[in-house]
Amino acid sequence: MTILIGYLPAPEGEAALRAGFAEAELRSTRAVVVNAQRRGASGTPTEIGQDDIERIVGLGRESGVEVEVLQPDHEDDLPGALNELAAEHDAQLIVIGLRKRSAIGKFILGSQAQRILLEAEVPVLTAKA
């Protein structure tokens, strides 16, 4: 069993890491941190480098949690990609960070977090920065 953590380099991503590592420690399981990029969008501000990966693994280690960091590409279906990864890694929980958005912002741009909450095949824990 694992805890799957969706991560972006932002305060919301850091909140997801803290919550996810706490859950993994509580459940005596490992964590898989996912920093997924839309295919063809490499070099975006959401992509993390080796230094960030080492920092994330170190944070997990400080919590007594074994951590694996994945950086898969996805088309335009992040919730589907997370569901596939959850099944592949036998995840019992998905953890994501949330940021506050206006109703108009959600309506115009949609909400990946909302889709993840609605379409996830395992329970989802959300964390606010």
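Start with helices α1 and α2, which cross in a right-handed sense (right-handed means that the near helix is turned clockwise from the far one by less than a right angle, left-handed anticlockwise). Before you click on, note that this is a predicted model, where local features need pLDDT of at least 70 and side-chain atom pairs count only at pLDDT 80 or more, while totals for chains, interfaces and linings use all residues. Residues are numbered from 1 along each chain as its sequence is written, and side-chain values use heavy atoms, with hydrogens and water left out.

**Stop 1: α1 against α2**

Select residues 11-27 for α1 and 50-62 for α2; their axes come within 10 Å and cross at roughly 35 degrees. Helices (H or I, at least four residues) and strands (E, at least two) are DSSP runs, numbered from the N terminus. Axes here are lines fitted to C-alpha atoms, for helices over the stretch in contact, and angles run from 0 to 180 degrees between N-to-C directions.

Now show side chains. On the α1 side you have Glu14, Leu17 and Phe21, and they meet Arg55, Ile56, Leu59 and Gly60 of α2; contact means heavy atoms within 4.5 Å. Sorted by class, this patch holds 4 nonpolar, 1 polar and 2 charged residues (Ala, Val, Leu, Ile, Met, Phe, Trp, Tyr, Cys and Pro count as nonpolar, Asp, Glu, Lys and Arg as charged, and the others, Gly among them, as polar).

**Stop 2: along α1**

Stay on α1 and check its length. The end C-alpha atoms are 24 Å apart, which agrees with the 24 Å that 17 residues should span at 1.5 Å a residue; the expected span is 1.5 Å times one less than the number of residues.

Colour the buried positions next: Gly13, Ala15, Ala16, Leu17, Ala19, Gly20, Phe21, Glu23 and Ala24. Buried means under 20% relative accessible area, exposed over 50%, and partly exposed in between (1.4 Å probe, protein chains only). While you look down the helix, recall that an α-helix has 3.6 residues a turn, so residues three or four places apart point the same way. What do the buried residues of α1 pack against? Select β1 (2-6), β2 (30-34), α2, β4 (67-70), β6 and β7 (124-128) and you have the answer.

Step off the end of α1 to Ser28, in the loop that leads to β2. Ser28 is not a glycine, yet its phi is positive, about 55 degrees. The side chain is worth showing too, as Ser28 is exposed, with a relative accessible area of 69%.

**Stop 3: the sheet**

Switch to a cartoon view and pick out the strands. Five of them form an open sheet with parallel pairing, in the order β4-β2-β1-β6-β7. β4 and β7 stand at the edges with a single partner strand each, so one side of each has no neighbour in the sheet. Neighbouring strands are turned by 20 degrees against each other on average, direction ignored.

Zoom in on two of the pairs; strands pair if DSSP finds at least two bridges between them. β1 and β2 run parallel over 5 bridges, including the one from Ile3 to its partner Ala31 in β2. Of the residues in β2, 4 of 5 are buried, leaving this strand mostly covered. Over at β6 and β7, the parallel pairing again has 5 bridges, and one of them joins Ile96 to Thr126 in β7.

**Stop 4: α3 and the loop after it**

Select 78-88 for α3. Is α3 largely enclosed or largely open? Largely enclosed by the rest of the structure, since 8 of its 11 residues are buried: Leu78, Pro79, Gly80, Ala81, Leu82, Asn83, Leu85 and Ala86.

Centre on Asn83, which counts as buried at 11% relative accessibility. Leaving aside neighbours within four places in sequence, Asn83 contacts Glu119, Ala120 and Glu121. Val122 is 39 residues away from Asn83 in sequence, but their C-alpha atoms are 8.0 Å apart in space.

Move on to the loop between α3 and β6 (91-98), where you will find His89. His89 is buried, at 14% relative accessibility. Beyond its neighbours within four places in sequence, His89 is in contact with Thr2, Arg30, Val32, Glu68 and Leu70.

Finish on Asp90, in this loop between α3 and β6. Asp90 has a positive phi of about 50 degrees, although it is not a glycine. With a relative accessible area of 43%, Asp90 is partly exposed.
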